[in-house]
Amino acid sequence: MDPVTIALLAPVAIKVAEVARPYVMKGLASGFKHMLLMGKDILGIMRLPLGFCQATFLAPFGQFASGVKNIVLGSIAPFKLAFHAVLLPVALTGMQIN
């Protein structure tokens, strides 16, 4: 593009950006919230090794039941993370996904 075309289209581009700004900000906020949810899922994956330690080494101290619970929740977390990763582009549009 030549500089004349850029100079002619700049005022139009500024007006379009001003109109689109609220939608872009809403999409970024929704995407940020969704990424925090994905971070929670990543931390949930860490329950798997914690559960194994509780169910084996800490079983004599009464931690077996909570260890099994952490193993189950830690095993589900990668699937939740994959599901939320698939829904991330939809969340960036500003749609509320639960």
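The chain shows about 7400 Å² of accessible surface, and 78% of that belongs to carbon and sulfur atoms (Shrake-Rupley method, 1.4 Å probe). Keep in mind that this is a predicted model, where local features need pLDDT of at least 70, side-chain atom pairs count only at pLDDT 80 or more, and totals for chains, interfaces and linings use all residues. Residues are numbered from 1 along each chain as its sequence is written, and side-chain values use heavy atoms, with hydrogens and water left out.

**Exercise 1. Work out whether the chain is a compact globule or more spread out.**

Step 1: list the elements. There are three helices and zero strands, running α-α-α from the N terminus (DSSP runs, H or I of at least four residues for helices, E of at least two for strands, numbered from the N terminus).

Step 2: compare sizes. The radius of gyration is 23 Å, well over the 13 Å that the globule rule gives for 98 residues, so the chain is more spread out than a compact globule. The radius is taken over C-alpha atoms, and the rule is 2.2 Å times the number of residues to the power 0.38.

Step 3: look at the box. Along the principal axes, the C-alpha atoms fill roughly 80 × 25 × 20 Å.

Step 4: check burial and contacts. Buried residues are 21% of the 98 (buried is under 20% relative accessible area, exposed over 50%, partly exposed in between; 1.4 Å probe, protein chains only). Of the contacts between residues at least 6 apart in sequence, 66% join residues at least 24 apart (contact: heavy atoms within 4.5 Å).

**Exercise 2. Find which residues line the largest pocket.**

Step 1: get the volume. The largest pocket holds about 190 Å³ of space. On a 1 Å grid over the protein atoms alone, a pocket is an open set of points where a 1.4 Å probe fits, with protein on both sides within 12 Å along at least five of seven lines; lining residues have an atom within 4 Å of a point. The volume is the space filled by probe spheres set on the points, which are joined across faces, edges and corners.

Step 2: name the lining. Leu37, Lys40, Asp41, Gly44, Arg47, Leu73, Ile76, Ala77, Lys80 and His84 do the job. Two or more residues each come from α1 (3-45) and α3 (64-91), with α3 giving the largest share, five.

Step 3: sort by type. That's four nonpolar, two polar and four charged.

**Exercise 3. Place Lys69: is this residue buried or exposed?**

Step 1: Lys69 sits in helix α3.

Step 2: Lys69 is exposed, at 52% relative accessible area.

Conventions:
Nonpolar A, V, L, I, M, F, W, Y, C, P; charged D, E, K, R; others polar.
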